[in-house]
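Colleague: Hi! I would like to learn how to read the features of a protein model. Could you walk me through some of them?

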Amino acid sequence: MTDTPLATPHFPYKALHVEYDGPVLRVRLLPTAEGSTLTVAALDDLAALLHSLHDRPDVRVLLLSSDGEDFCLGADRGEYRAALAEDPGGSVMRRIADKAYRVCDALENTHAVTIARLHGKVVGAGLALASFCDLRAGADDCRFRMPEIGIGLPPAWGGAMGRLIVEGGAARIRELMLTCETFDAETAQRLGLLHKVAPREELDAAVSAWVRPLVRRSPEALTLTKRMFAGHSRAARTADVALLDAHLLTAQLTAPRPQRVTGHT
């Protein structure tokens with residue numbers, strides 16, 4: 001790393017703590033009063049930050065973590081309810097879901113090598129977001145879950161289904177999505193959703209063991225290799241319907257609910 005860290009840009013991030021340390025960009029999700037949820041503000045901040053990296057070729061590694069008790073408990077369903085109350089037709093909801101797609105796409109395609117540092121619960125949209133990082137390290141206390149079907153929603157957030165299938169395998173991802181089963185860090189590593197597992201007190205050291213050699217590599221070689229992998233990953237997702245996620249999610253949320261029948265039939 002360089003001896004003198006570059007200054008952090010004066011962008012008014014509301015849901016992130018951002019720190020530039022030479023070629024390493026450290027990004028921490030900030031919890032809300034309701035907990036570690038992935039809010040619209042967080043999506044807006046992540047989109048702006050990732051867009052700003054076009055002008056920061058010196059950044060070689062982006063480290064994504066969270067200041068909360070958990071890495072992320074998923075999308076903020078309170079915001080979903082508010083969006084539907086504001087516009088029952090779903091256009092506001094579609095814009096929120098489109099933000100998720102744009103963030104995940106930018107995370108996959110940014111020139112920097114992205115590392116997710118995970119701890120505690122990693123749920124729904126939190127797992128989706130982490131899956132788009134190049135490398136993922138988790139504390140041995142991590143617990144993962146894809147709860148969407150259990151709460152009556154399709155697993156349509158950020159285009160993550162295709163990414164998770166490529167990373168973890170169709171058979172097991174299908175099982176975990178359909179059953180909404182909680183699984184641990186060891187299982188996540190066995191599936192390929194985690195590359196490293198360490199006790200929480202050793203997690204930073206495990207991540208640093210990746211960062212140190214990465215910042216010494218040729219930036220051109222890193223970017224080219226990352227984009228070659230992204231190309232192969234996308235080739236494996238030839239039937240990718242990620243752009244439909246916003247419409248699928250909104251259609252489910254705005255669909256009329258069946259009337260509850262009382263009495264005998």
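Modeller: Gladly! Let us begin with R163, which is buried, with a relative accessible area of 6%. Please keep in mind that this is a predicted model.

Colleague: Why does R163 count as buried?

Modeller: Buried means under 20% relative accessible area. R163 has a value of 6%, so the label fits. E108 is buried as well, because its relative accessible area is 3%.

Colleague: What do the side chains of R163 and E108 form where they meet?

Modeller: They form a salt bridge, with 3.1 Å from N to O. To call a pair a salt bridge, we look for a side-chain nitrogen of Lys or Arg within 4 Å of a carboxyl oxygen of Asp or Glu. Now look at where the partners sit: R163 belongs to helix α5 and E108 to helix α3 (residues 91-109), so this pair ties together parts 55 residues apart in sequence.

Colleague: How many salt bridges does a search of the whole structure find?

Modeller: The search finds ten. One of them joins R136 and E167, whose closest N and O atoms are 2.7 Å apart. R136 is in strand β6 and E167 in helix α5, so parts that are 31 residues apart in sequence are tied together by this pair.

Colleague: Are R136 and E167 buried or partly exposed?

Modeller: R136 is buried, with a relative accessible area of 1%, whereas E167 counts as partly exposed at 23%. You can practise on another pair: D21 forms a salt bridge with R26, and their closest N and O atoms are 3.5 Å apart. Here D21 counts as buried at 16% relative accessibility, while R26 is partly exposed at 26%.

Colleague: That helps. How is a pair of aromatic rings described?

Modeller: By the distance of the centres and the angle of the planes. This structure holds one aromatic pair. The ring centres of F144 and F183 are 5.4 Å apart and the planes lie at 20°, so the pair is stacked. The cut-off behind that word is an angle under 30 degrees.

Colleague: Where in the chain are F144 and F183?

Modeller: F144 is in strand β7 (residues 143-145) and F183 in strand β8 (residues 183-184), so the pair links distant parts of the chain, 39 residues apart. Both F144 and F183 are buried. There is another ring to look at, too: the charged end of R56 sits over the ring of Y20, 4.3 Å from the ring centre.

Colleague: Let us turn to pockets. What is the volume of the largest pocket, and which residues are closest to its centre?

Modeller: The largest pocket holds about 350 Å³ of space. It is lined by 16 residues, and those closest to its centre are D134, T225, K226, F229 and A230. Helix or strand, the elements giving two or more residues to this lining are β6 (135-139), α5 (160-168) and α9 (219-236). Of these, α9 gives the most, with seven residues. By class, the lining has six nonpolar, four polar and six charged residues.

Colleague: And what does the second largest pocket have for a lining?

Modeller: Its lining is made of 20 residues, with G74, A75, R77, P147 and I151 nearest the centre. The volume of this second largest pocket is about 300 Å³. Helix α2 (residues 77-86) gives the largest share of the lining, three residues. By class, 13 residues of this lining are nonpolar, four are polar and three are charged.

Methods. Residues are numbered from 1 along each chain as its sequence is written. This is a predicted model: local features need pLDDT of at least 70, side-chain atom pairs count only at pLDDT 80 or more; totals for chains, interfaces and linings use all residues. Side-chain values use heavy atoms; hydrogens and water are left out. Rings of Phe, Tyr and Trp (its six-membered ring) pair if their centres lie within 6.5 Å; planes under 30 degrees apart count as stacked, over 60 as edge-to-face and the rest as tilted. Helices (H or I, at least four residues) and strands (E, at least two) are DSSP runs, numbered from the N terminus. Buried means under 20% relative accessible area, exposed over 50%, partly exposed in between (1.4 Å probe, protein chains only). A charge sits over a ring if NZ of Lys or CZ of Arg is within 6 Å of the ring centre and within 35 degrees of the ring normal. On a 1 Å grid over the protein atoms alone, a cavity is a set of points where a 1.4 Å probe fits but cannot get out, and a pocket is an open set with protein on both sides within 12 Å along at least five of seven lines; lining residues have an atom within 4 Å of a point. Grid points are joined across faces, edges and corners, and a volume is the space filled by probe spheres set on the points. Ala, Val, Leu, Ile, Met, Phe, Trp, Tyr, Cys and Pro count as nonpolar, Asp, Glu, Lys and Arg as charged, and the others, Gly among them, as polar.
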